[in-house]
Amino acid sequence: MWVKTLFLNTAPSANPLLGTSSLRLVNRAASGIASIKMIIKKPPATDDAFIEGNVVKRFSPLARQVLAASGPIISSAAAGMTNGFSAILLPQLQQPGSKLSITEDQASWIASMAPLPMALGCILGGLLMERFGRKSAHLLLNISFAVGWCVLSTAGSYPQILAGRFITGLSCGLVGPPASVYIAETSDPRYRGILLAGVTFAVSGGILLAHLFGTFFQWQTAALLCSLFMIVAYLLMLVSPESPAWLLARGARAEAESSFRWLRGYDPASRQEFDAMVARAQRDDIKGNEPQTDASSGSSSPYRRREFIMPLATLLVFFATMQFSGVNIVAFYSIALMKTTIGSDNLNEYLAMLIVDLVRVVTSLVACILLRSVGRRPLAMASGVGTTISLIGLSIFLYFQTSIPLYRNYSWLSLVFLISYIVFVGIGLFPLPWCMTGEVFPVATRGLGSGLTSSFNFVCFFAVIKTGPTLFATVGINGTFLVYGVISLLGTLLLYMILPETKNRTLQEIEEQFRRGRRKEKDAETMGGDGGSATRPQVAIATIS
């Protein structure tokens, strides 16, 4: 600029050394110097939207969230393969020409060895993901799963089969808490329901895949094929980020923001949600550092607060209702039930098993779609009522079918009720508790809360499977379904009173909802709709959806 100032104030007539052409040359040089100085002095500001549009424009935030959820979903499919593997393993071991022969007692141990450590695995999974992170827990359980399947594929003795079943069963428990929590913490509230429902869809698909492998291959080859899925899940988790909520709870603000932006992008709603997460984490830190003098408030420990106790009680009721409505009894004894309902001894066992599996998979897919558009409460109520009606109807028609010869020609009605039961329990009671496990607990207690509820689910699972044959022998199949129908009815009534709505709400909003209670939440929404007290701070948090 000084060059331009020096020579512009000097006219050609006053400075005979400069002509018109020389002055034009000086002006060009001065403009170039000014432009260079301006570029050096003030570089253009880096814009987040520019980075989002040019660096990761090829993948939308939804595609990145689906990529992050793919690893846990495939690991959940391995859990389904573990549940369905005994149905193909035992018949092949009990064939006359089998290289490894087993007794009936050994067969029962092989079947029960996988469910035995599942409850312990859930507790360990919750502790691991709190201590080492959600991503590290998934990497570890994928290795554990692969080891278990490889032990099974190379097993040449009864103890080796038990060892493989134990490792895969423990891995099933390990995958329970981290899968739901990681997907819930990395997904947008608009897509969280359908991505979480992908877990139960993967479990159903895993059962079907295990049965298909066992239909066409020997059990060693089937186990080896199952292990290949763990390699894919491990690689997907390697390229996925750590949970932003876990990083933020550990004080890693920069890493949490980087992970959140990778998953969610830079749109205003995502910025607002991350700012709310940061503010919430700061408030939790302040509360944790303040001395607690009021013991009656129960806030000295996060495990004694309402926002932990209420979700825990809700999910315990939900899991108990799901298990004691007989969802796994039908899966384990599907062939015997199909023979009873159809009334034929010439039923192809593998065909019946695959039909039930296919219905379960299609139902899980429908549940994924419904969770995208329907709230948790309406879906739970519809599923509970439909399950109750199907179970009681199945009990009544089975009674007439087995007691009165005239009604044996109407066995197709019992089959209709059995299929409707599988559909209704599959669209709500089965997927919803797993979906909500990752949603309802505060981040400080999410690991232990999800571990406890998942562990309780497997305890109920073991109890139902263990008492099922006793109920069949005592009150008959029709009486057993009547018992399950009554439990389904009572559980649905309890859920109607305590189950909150979490659809399209951020995890911070769900935590606030449990802190205030459902009745206060309804009052706040009513006041907000009437315009009376809509300016209260508690209502303001509901603006992020």
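Is Glu257 buried, partly exposed or exposed? In this predicted model, Glu257 is partly exposed, because its relative accessible area of 30% lies between the limits of 20% and 50%. Its salt-bridge partner is Arg261, and the closest N and O atoms of the pair are 3.7 Å apart. Arg261, by contrast, is buried, with a relative accessible area of 9%. The two residues sit four places apart in helix α12 (residues 253–264), so about one helical turn separates them.

The whole structure holds 10 salt bridges. One of these joins Glu185 to Arg134, with 2.9 Å between the closest N and O atoms. This pair connects distant parts of the chain, since Glu185 belongs to helix α8 (residues 158–186) and Arg134 to helix α7 (residues 134–153), 51 residues apart. Both Glu185 and Arg134 are buried. Another salt bridge pairs Arg190 with Asp188, whose closest N and O atoms are 3.1 Å apart. Here Asp188 is buried at 9% relative accessible area, whereas Arg190 counts as partly exposed at 41%.

Turning to the nonpolar interior, the largest core comprises 88 residues, and those with the most contacts inside it include Phe85, Trp149 and Phe318. At least three residues of this core come from each of domain 1 (60–240) and domain 2 (305–517). Beyond its neighbours within four places in sequence, Phe318 touches Ala380, Leu429, Leu432, Pro433, Met436, Leu495 and Leu499. A second core, separate and made up of 11 residues, has Ala256, Phe274, Val278 and Ala281 among its members.

Conventions
Residues numbered from 1 in each chain as written. Predicted model: local features only at pLDDT ≥ 70, side-chain atom pairs only at ≥ 80, totals over all residues. Heavy atoms only, no water. Core = buried A, V, L, I, M, F, W, Y, C linked by side-chain atoms within 4.5 Å. Buried < 20%, exposed > 50% of the residue type's maximum accessible area, 1.4 Å probe, protein only. Domains from an automatic or database assignment. Contact = heavy atoms within 4.5 Å. Salt bridge = Lys/Arg side-chain N within 4 Å of Asp/Glu carboxyl O.
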